[in-house]
Structures are given as structure tokens and as C-alpha cells.
Amino acid sequence: PPESIRAALEGIRLSLPAISCNGALLYDFSTETVLHRSTLNREQATTAIKDILNKFPRMGVEVMAGNGEMYVIHANETTHAHQVDEHLGSIACPIDCVPDGWVKVVFAADPEANSIYLEIMPGGVSKATGLQDLCALMNKSIKNTIVIGDYYNDLELMRTAGHAVAVANAPAEVKATADEVTTCTCAEGAVGEYLYALIDRATKS
């Protein structure tokens, strides 16, 4: 979500809109506005949430709506950890009080019950479609894009972009999809490593 991106930037200003919420939002930080939003069918998503909570009463549920704000429908330790890890504020409220414009629902439980986060996204929306939407909005060729991925949810994006980079700690399938692999892991500064190498190549050419 935009709030998490803003925290990661640590004051760095973006000159281009950001692809947010796994491709459901294009957000312009220079004007603090949403340029494109893909939304869920609220009625269907609500039915799914109630059904899952009925079967798994300890499941945490987060809804991202509006400009990507997080609304916690059902809290647990895992939703709290998610908010801390992603530097996210949140609003705790009943499901009926979440505003319209749902872009994503996240289900989270302890590792014994669920080893990964599960998400409901608008149909046909992904990081790759977000990149396509951004290129169309800016009238730029997707062949001139570079992406850096670290996990399976980046595969479609990496196959769509003009050039794909994987970080050193990415799974083997992600590395195999990439055009090149960094020597650093994410935590060691893989993105910085690649950007400095890119700048070095550009200034020497």
C-alpha cells in the first residue's frame, strides 16, 4: 500500500507514480492522488470473509480500501506483525464500516494454521497489469522497463517487463526467469547494488 511505500522511501521523492497494492492502485506521491484503481466486488468479498471467519475464527482479516488504507476486520498477532513489518497504520472496524473501493483483502494466521498470507484481489489484476497500466498512462514502451523481483509473486511481472533482475536470495525459479541476478540479498541492499551498477554502465557508455 502507499503508506508502506512511503515508509520505505524514507523521504526520497519519486518522479513517477508507484504501482501499489499488487497492481490494484497506481499512486502519484507528488500529488497524493490515485491515478488508477481496480476494485473488488464488495458483496462477494464480504461473503468470502464471513465464510472464512466462520470456519477459521482465529484468522486475521485486513481490507485495503480507498487510497490503500488498511482496515482491520479481525485482528490477531499476525495482522499486528504485518502492520509492524510494513510500517502500516490501521483502522479497526466492523466489516460494514469499511468504505467502498476495496482493492485487496488479506487473510493471516499463525504459521501452524497458515504458512503464507492469502489474498483476494480483483480479477485479472497483478503487478504485471499494474506495470502495463502505468506504461499506458505515461505512453511509454514496456520494453523500456526494469523490474527487480525476490519471490514467486514477481514471476509474471518479471516476464512482462523489458528486463528482469532477481535478488541473490530469490527462489531458483525466480532466478531462472531473470536476465541477471544480484550478488546481494534483499536485506544486504540488492536494489541499491543493481541501481549503482546501472548508473555505472550508463555513465561509461
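Trainee: Let's start with a cysteine: is C97 buried or exposed?
Mentor: Happy to, but note that this is a predicted model, in which local features need pLDDT of at least 70 and side-chain atom pairs count only at pLDDT 80 or more, while totals for chains, interfaces and linings use all residues. Residues are numbered from 1 along each chain as its sequence is written, and side-chain values use heavy atoms, with hydrogens and water left out. By relative accessible area, buried means under 20%, exposed over 50%, and partly exposed in between (1.4 Å probe, protein chains only). At 53% relative accessibility, C97 therefore counts as exposed.

Trainee: How many disulfides does the structure hold?
Mentor: A disulfide here is a pair of cysteine sulfur atoms within 2.5 Å. The closest cysteine sulfur to that of C97 is in C93, and at 5.8 Å it is too far for a bond. C186 is in no disulfide either, with the nearest cysteine sulfur, that of C184, 10 Å away. The count of disulfides in the structure is 0.

Trainee: Which residues share a side-chain polar contact with K104?
Mentor: K104 sits in strand β7 (residues 102–108); strands (E, at least two residues) and helices (H or I, at least four) are DSSP runs numbered from the N terminus. This lysine counts as buried because its relative accessibility is 5%. A polar contact is a pair of N or O atoms within 3.5 Å; within protein, one must be able to donate a hydrogen and the other to accept it, and residues adjacent in sequence count only if both atoms are side-chain atoms. The K104 side chain makes such contacts at 3.2 Å with N22 and at 3.3 Å with E119.

Trainee: Which residues touch the most other members of the largest nonpolar core?
Mentor: A nonpolar core is a set of buried Ala, Val, Leu, Ile, Met, Phe, Trp, Tyr and Cys residues joined through side-chain atoms within 4.5 Å. The largest has 17 residues, and α2 (42–55), β4 (60–65), β5 (69–74) and β7 each supply at least two of them. Touching the most other members are I49, V61, V63, V98, W102 and V105.

Trainee: Which residues does T79 contact, beyond its neighbours within four places in sequence?
Mentor: T79 is placed in helix α3 (residues 77–85) and is buried, with a relative accessible area of 1%. Contact means heavy atoms within 4.5 Å. Leaving aside those sequence neighbours, the partners of T79 are G60, V61, E62, H74 and A108.

Trainee: In what order do the strands of the open sheet of 3 strands run?
Mentor: Two strands pair if DSSP finds at least two bridges between them. β1 and β2 (residues 25–28) pair in the antiparallel sense over 3 bridges, with A18 standing opposite Y27. At the edges are β1 (18–20) and β3 (33–37), each pairing on one side only. The order is β1-β2-β3.

Trainee: At about what angle to β1 does helix α1 run?
Mentor: Angles run from 0 to 180 degrees between N-to-C directions, using axes fitted to C-alpha atoms, for helices over the stretch in contact. Helix α1 (residues 2–9) lies across β1 and β2, and its angle to β1 is about 130°.

Trainee: What value is phi of E10 near?
Mentor: Most residues other than glycine have a negative phi. E10 lies in the loop between α1 and β1 and counts as exposed, at 73% relative accessibility. Its phi is positive, near 50°.
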